Amino acid sequence: MSRIRATFWDPTGSRYGIPTYPWKMAPAHLLTLRQLTAQGLRPGGQGVQAQVLWRSRRHGAPGVRAAYLYDVRFALPKRTPTARQRAALSKANAARRTCPECLRDAGYVLPRHLGICLDCAEEAATRTDQADQTDWRKAA
Ligand SMILES: [Zn+2]
């Protein structure tokens, strides 16, 4: 075993706190979240069981990187939303797209800092611009 691999070889967790394996050396029953998801599974309440550590030379993220592993034996099947949950979600999403000013579905989620659709926001901005000019004329 190379020296780098030995650095991250800690199946008992005595050095890193949790069982730790070098790249590609974790036992087959320990999977990442993505690997669980690919099998239609979720961690199911279990915490991180182990980790893979490796030294990365990737630009922007150099240093030691970690992937957290979950035990497939404690994993549960992914939940699929019920028809009522799906209906509630699409209703909530529709509300996020509906402009309170013109009451139309804008087709996109309204920006929170505006609270109204872009058309209404632009109209409102034009109106205040004109008001500003009027005030300026009055003041002069
Ligand atoms: Zn609007």
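**Exercise 1. Find the residue that stands opposite Q51, then place the pair in its strands.**

Step 1. Q51 faces Y68 of strand 5. Strands here are DSSP runs of E with at least two residues, and helices are runs of H or I with at least four, numbered from the N terminus.

Step 2. Fix the numbering and the model type. Residue numbers start from 1 along each chain as its sequence is written. The model is predicted: local features need pLDDT of at least 70, side-chain atom pairs count only at pLDDT 80 or more, and totals for chains, interfaces and linings use all residues.

Step 3. Add a second pair. V52 has A67 of strand 5 as its bridge partner.

Step 4. Read the strand pairing. Strand 4 and strand 5 (residues 63-71) run antiparallel, joined by seven bridges. Two strands count as paired if DSSP finds at least two bridges between them.

Step 5. Close the hairpin. Six residues lie between strand 4 and strand 5, and G60 in this turn has a positive phi of about 90°.

**Exercise 2. Work out the strand order of the open sheet and state which strands stand at its edges.**

Step 1. Take the other neighbour of strand 4. Strand 1 (residues 20-22) pairs with strand 4 (residues 50-56) in the parallel sense, over three bridges. Here P22 stands opposite L53.

Step 2. Write the order. The four strands run 1-4-5-2, and the pairing is mixed.

Step 3. Read off the edges. Strand 1 and strand 2 each have a single partner strand, so each has one side without a neighbour in the sheet.

**Exercise 3. List the residues of the largest nonpolar core and trace the contacts of L36.**

Step 1. Set the criteria. A nonpolar core is a set of buried Ala, Val, Leu, Ile, Met, Phe, Trp, Tyr and Cys residues joined through C-beta atoms within 7 Å. Buried means 20 or more other C-beta atoms within 10 Å of a residue's own; exposed means 12 or fewer; partly exposed is in between, with C-beta atoms placed from the backbone.

Step 2. List the members. The core has nine residues: F8, Y21, A26, L30, L31, L36, A50, L69 and Y70. Strand 2 and strand 5 each supply at least two of them.

Step 3. Follow L36. Beyond neighbours within four places in sequence, L36 contacts L31, L41, R42, P43, Y70 and A75. Contact means C-beta atoms, placed from the backbone, within 7 Å.

**Exercise 4. Locate K24 and L103, give their phi values, and decide whether each is buried or exposed.**

Step 1. K24 sits in the loop between strand 1 and strand 2. Its phi is near 65°, positive in a residue other than glycine. K24 counts as exposed because it has 8 C-beta neighbours inside 10 Å.

Step 2. L103 sits in the loop between helix 3 and helix 4 (118-139). Its phi is positive, about 60°, although L103 is not a glycine. L103 also has 8 C-beta neighbours inside 10 Å, so it counts as exposed.

**Exercise 5. Check the length of helix 3 and its burial.**

Step 1. Compute the expected span: 1.5 Å times one less than the number of residues. For the 15 residues of helix 3 (residues 83-97) this gives 21 Å.

Step 2. Compare. The end C-alpha atoms are 21 Å apart, which agrees.

Step 3. Count buried residues. The count in helix 3 is zero.

Notes: Two residues are in contact if their C-beta atoms, placed from the backbone, lie within 7 Å.
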